Amino acid sequence: MSGAASPSYRERNSTADRALDILMMFDDTQLVISGSAVAERLGVARSTAYRYLQSLVGSRFLEEAPGGGFRLGLRVLEIGRLARRSYGLSEIAVPVMTELSEDVGETVLLTRRTGELVVCVDRAEARARAVRISYERGSTLPLNAGASALVLLAWIPQDEARRLLEAAELRRFTPATLTDADTLVERLSHIRRAGYSVTRGELDPDVTGVAAPIRDDQQKVVAAVSVVALGSRVFPEAEAELAQKVLKTAQKITDRLIAVGG
């Protein structure tokens with residue numbers, strides 16, 4: 001080989017770090033950056049900053065902005081699209097669910113509706129206080145049973161909810177399970193007003209569930225997150241606080257879902 005010696009690994013790594021520093025300069029308030037701003041940020045001469053910028057332009061991570069300076073390029077959009085494709089609902093939700101589970105010391109569930117069934121997509125298990133429930137990962141249950149199921153019904157059009165309930169087999173799991181379509185439709189209106197659902201012993205005896213809706217970028221309810229616990233551990237005075245934590249978790253998942261969904 002002839003010519004200048006190839007840069008060392010440490011030098012290559014330093015160059016990569018500086019390229020990342022430049023890309024990290026962009027945010028909601030700074031959509032275009034200048035060469036002088038990059039030089040100041042990196043603590044280098046302006047000519048050196050422009051070399052980094054031109055390298056990023058050549059690889060399509062940046063492009064020259066019409067009014068001067070540099071903006072993010074098409075390659076960033078392509079990588080963002082690939083990143084979004086790599087994320088599933090569970091990957092987005094489970095880290096947030098785990099935080100909630102560790103906070104409240106109870107099991108947290110992620111559910112979706114498929115036609116007349118509710119599917120348990122994933123769960124975050126409390127280490128010290130696991131509770132035996134009907135919602136195992138991958139299991140399906142009818143629409144009328146449990147806090148998650150009712151949340152997933154509550155925000156679809158009332159006529160559609162009624163049609164689904166009248167067509168479905170409304171099984172009774174405990175004496176508290178609701179099996180009358182009219183009663184259930186009325187219950188859904190209360191859930192919409194409250195913003196969340198609470199059930200007590202309606203699916204599993206002595207199990208309380210608190211669920212809240214997860215939405216997409218169109219504000220459509222696409223999933224539910226819920227806490228399930230032995231009823232004896234959820235005192236009435238603590239129920240409202242638990243509901244607020246579930247609502248906060250649902251909002252966090254919604255925000256992450258929107259962020260990766262574009």
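A salt bridge is taken here as a side-chain nitrogen of Lys or Arg within 4 Å of a carboxyl oxygen of Asp or Glu. The structure examined is a predicted model, and a search of the whole structure finds 13 salt bridges of this kind. One of them is formed by Arg113 and Glu160, whose closest N and O atoms are 3.9 Å apart. Because Arg113 belongs to strand β3 (residues 107-114) and Glu160 to helix α7 (residues 158-167), this pair ties together parts that are 47 residues apart in sequence. Arg113 is partly exposed, at a relative accessible area of 27%, and Glu160 is likewise partly exposed, at 27%.

Helix α7 also holds a salt bridge within its own length. The side chains of Arg162 and Glu166 meet with an N to O distance of 3.9 Å. These two residues are four apart in helix α7 and are therefore separated by about one helical turn. Arg162 is partly exposed, with a relative accessible area of 25%, whereas Glu166 counts as exposed, with a relative accessibility of 55%.

In a further salt bridge, Arg200 is joined to Glu239, with the closest N and O atoms 2.6 Å apart. Arg200 lies in strand β6 (residues 197-200) and Glu239 in helix α9, so the contact ties together parts that are 39 residues apart in sequence. With a relative accessible area of 49%, Arg200 is partly exposed. Glu239 is buried, and its relative accessible area is 15%. Elsewhere, salt bridges that share partners join Arg60, Arg75 and Glu78 into one network.

Attention then turns to the sheet. Strands of a sheet pair through backbone hydrogen bonds, in either the parallel or the antiparallel sense. Six strands form an open sheet in the order β5-β4-β3-β8-β7-β6, and their pairing is antiparallel. The edges are formed by β5 (140-142) and β6, each of which pairs on one side only. From one strand to the next, the twist averages 30 degrees. Strand β3, which carries Arg113, thus has its place in the order between β4 and β8.

At the β5 edge, strand β4 (residues 117-124) runs antiparallel to β5 and is joined to it by three bridges. In this pairing, Leu117 stands opposite Pro142 in β5. At the other edge, β6 and β7 pair in the antiparallel sense over four bridges. Arg200, the partner of Glu239 in a salt bridge, stands opposite Thr208 in β7. The hairpin of β6 and β7 has six residues between the strands, and Gly201 takes a positive phi near 65 degrees there.

Strand β7 (residues 207-215) is largely enclosed by the rest of the structure, because nine of its nine residues are buried. Nine bridges join β7 to strand β8 (residues 221-230), and the two strands run antiparallel. Within this pairing, Ala211 stands opposite Ser226 in β8. β7 and β8 form a hairpin with five residues between them, and Gln219 in the turn has a positive phi of about 65 degrees.

The analysis of open and enclosed space begins with the largest pocket, which holds about 170 Å³ of space. Ten residues line this pocket, and those closest to its centre are Val104, Glu106, Arg233, Ala238 and Leu242. Helix α9 (residues 236-261) contributes the largest share of the lining, with four residues. By class, the lining has five nonpolar and five charged residues, and no polar ones.

Two cavities of 30 Å³ or more are found in a search of the whole structure. The second largest cavity has a volume of about 30 Å³. Its lining consists of Leu153, Ala154, Ile156, Pro157, Gln158, Ala161, Val185, Leu188 and Arg192. The elements that give two or more residues to this lining are α6 (147-154), α7 and α8 (181-194). Among these elements, α8 gives the most, with three residues. The lining of the second largest cavity divides into seven nonpolar residues, one polar and one charged. Helix α7 therefore takes part in the salt bridge between Arg113 and Glu160 and also contributes to the lining of the second largest cavity.

Terms used:
Residues numbered from 1 in each chain as written. Predicted model: local features only at pLDDT ≥ 70, side-chain atom pairs only at ≥ 80, totals over all residues. Heavy atoms only, no water. 1 Å grid on protein atoms, 1.4 Å probe; cavity = no way out; pocket = protein on both sides within 12 Å on 5 of 7 lines; lining within 4 Å. Points joined across faces, edges and corners; volume = space filled by probe spheres on them. Nonpolar A, V, L, I, M, F, W, Y, C, P; charged D, E, K, R; others polar. Buried < 20%, exposed > 50% of the residue type's maximum accessible area, 1.4 Å probe, protein only. Pairing = 2+ DSSP bridges. Axes fitted to C-alpha atoms, helices over the stretch in contact; angles between N-to-C directions.
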